[in-house]
Amino acid sequence: MAADDPQVGGRIQRLRRQRGVSQAELASALGISASYLNLIEHNRRRITVPLLLKLASFFGIEPGELVENDETRLLGDLMELFGDEVFADNTLTNQDVRDLANSNPAIGRAVVRLYDRYRALRGARAGGTAEPAGPLAGAATAVAQGSGGHPATDAVSDFVQTNANHFPTLEAAAERVRTDIDAEPDSLDYGLRNYLFNVFGLNWRTANLPAGIARRYDPERREILTAEVLEPASAAFAVAHQIGLFAAGAQIDKLIEDSDLPADAPVVARNALASYFAGALIMPYEPFLKACREMRYDIERIQRRFRASFEQVCQRMTTLQRPGQMGVPLHLIRTDIAGNISKRFSLSGIHISRHSGACPRWNVYSAFLHPERINVQISQMPEGQRYFCIARSYARGGHGYQAPRRHLSIGLGCHIAHAGSLVYSDGIDLTDPGQAVPIGVGCRICPRLDCEQRAHPPADHHFTINERDRAESFYAPGRWGG
């Protein structure tokens with residue numbers, strides 16, 4: 001008997017590297033040769049159940065998490081991109097795409113990167129800009145046109161996903177700093193101020209900064225300035241972010257150096273990793289995990305305990321992947337009111353669109369209809385998998401009269417199997433199929449032909465028009481051929 005997942009080797013290799021364990025060390029712990037482990041990591045040997053159990057025990061995870069197909073997200077990205085109209089004349093089938101993801105994942109990822117670049121170029125031309133001269137030229141236009149993601153941010157998003165949004169070296173650095181801060185018998189803000197002054201000789205004060213600037217580092221005056229309009233939680237996070245660049249700079253640089261990020265992405269990665277450090281500093285791992293378990297992931301209660309924002313708490317919840325001390329595997333998505341996705345991460349197994357907006361049936365969008373209120377939904381994907389999703393919209397900015405506001409929505413969720421761990425599932429019959437809302441990844445690859453909210457036709461069907469009837473939706477049921 002052996003594990004059925006042909007790509008489990010890639011996950012084993014990633015976990016081993018995250019833990020800083022050599023092939024020889026892991027092989028010795030498993031009682032096999034390093035050469036045999038090398039074959040397993042490259043998917044050239046299948047894994048017996050006894051060996052699978054040993055591996056799960058070594059990494060401190062459940063066996064089911066280890067054999068979870070590491071190429072599921074790649075398959076979703078490929079299905080999405082091959083749904084583009086540019087491939088309309090090709091005769092690719094879903095099975096062809098699955099075969100590519102499973103047998104040649106490296107080629108599949110290269111295709112995704114090439115398509116990312118293509119969309120950036122197409123966006124630049126659609127915007128009437130000059131042909132891009134460098135790797136990022138035109139990308140901002142592509143984002144503004146809604147035609148795709150920024151190549152650097154897509155690369156960093158993939159980097160975070162590959163590392164399961166858990167960085168042990170940054171956790172350790174944050175814990176060292178937090179130990180020094182907690183030596184002060186006062187508030188976190190007071191500890192942050194003292195740490196900045198005692199370690200780096202910097203003063204922290206609020207100031208009337210230009211609109212849009214949250215924090216400014218002034219090395220000449222030896223000051224860290226935070227905008228006076230910031231909420232206390234945002235100001236503390238901005239300072240913790242700056243401390244991360246100082247105190248964990250070596251760890252951040254090493255993570256970037258060891259990655260395969262393209263040349264234009266490290267600046268984005270540094271910002272993301274410093275934000276990770278800030279979250280770990282403000283919400284230390286063990287106390288935060290304990291609070292999540294005690295309060296059953298009640299975000300608003302946890303906010304008050306750690307004096308953090310709603311988004312900061314949601315983001316921190318997705319990082320709880322320490323071996324032996326793991327939280328619920330979650331997904332997170334952030335979108336604006338126009339449907340532009342600016343954050344996406346998934347450990348729950350749900351696929352989040354890479355190149356376009358998500359399904360309008362998903363509660364991350366309907367949350368805009370009920371601002372500041374947590375919306376709950378059981379979401380069912382076309383293949384039958386169900387996920388327990390919460391979403392809440394909120395506004396940023398608006399710190400003065402006529403000041404512009406930015407409307408965003410945060411979606412957080414887990415596989416239905418873990419829903420009972422979240423307080424939001426109370427009073428909901430999780431076993432009732434009638435409670436589920438059918439959703440998809442995106443219209444172009446969604447097989448649901450009976451959806452009245454379609455914005456685009458499915459890529460593998462053609463229209464048949466009945467001009468005697470006018471449906472409420474142009475892409476309504478009854479208009480599809482094979």
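**Exercise 1.** In this predicted model, find how strand β8 is joined to β11, and in which sense the two run.

*Solution.* Start at β8, residues 375-380. Step across to β11: 3 bridges join the two strands. They run parallel. For one contact point, take Ser-379; its bridge partner in β11 is Val-437.

**Exercise 2.** Place β8 and β11 in their sheet: what is the strand order, and which strands stand at the edges?

*Solution.* First, write the order: β7-β6-β10-β9-β8-β11. These 6 strands form an open sheet with mixed pairing. Next, look at the ends. β7 (341-346) and β11 (436-438) each have a single partner strand, so one side of each lacks a neighbour in the sheet. Last, add the twist: from one strand to the next, it averages 30°.

**Exercise 3.** Work out the layout of the sheet that holds β1, β2 and β3.

*Solution.* The order is β1-β3-β2 in an open sheet of 3 strands, and the pairing is mixed. Now the edges: β1 (203-207) and β2 (215-218) have a single partner strand each, so one side of each is left without a neighbour in the sheet. Neighbouring strands are turned by 25° against each other on average, direction ignored. Then take one pair. β1 and β3 (residues 223-227) pair in the parallel sense over 5 bridges. Arg-205 has Leu-225 in β3 as its bridge partner.

**Exercise 4.** Which strands does helix α12 lie across, and which does helix α13 touch?

*Solution.* Take α12 first, residues 188-200: this helix lies across β1 and β3. It runs at about 125° to β1. Then α13, residues 232-247, packs on the sheet and touches β1, β2 and β3. The direction of α13 makes about 40° with that of β2.

How values were computed. Residues numbered from 1 in each chain as written. Predicted model: local features only at pLDDT ≥ 70, side-chain atom pairs only at ≥ 80, totals over all residues. Heavy atoms only, no water. Pairing = 2+ DSSP bridges. Helix = DSSP H or I, 4+ residues; strand = E, 2+ residues; numbered from the N terminus. Axes fitted to C-alpha atoms, helices over the stretch in contact; angles between N-to-C directions. Contact = heavy atoms within 4.5 Å.
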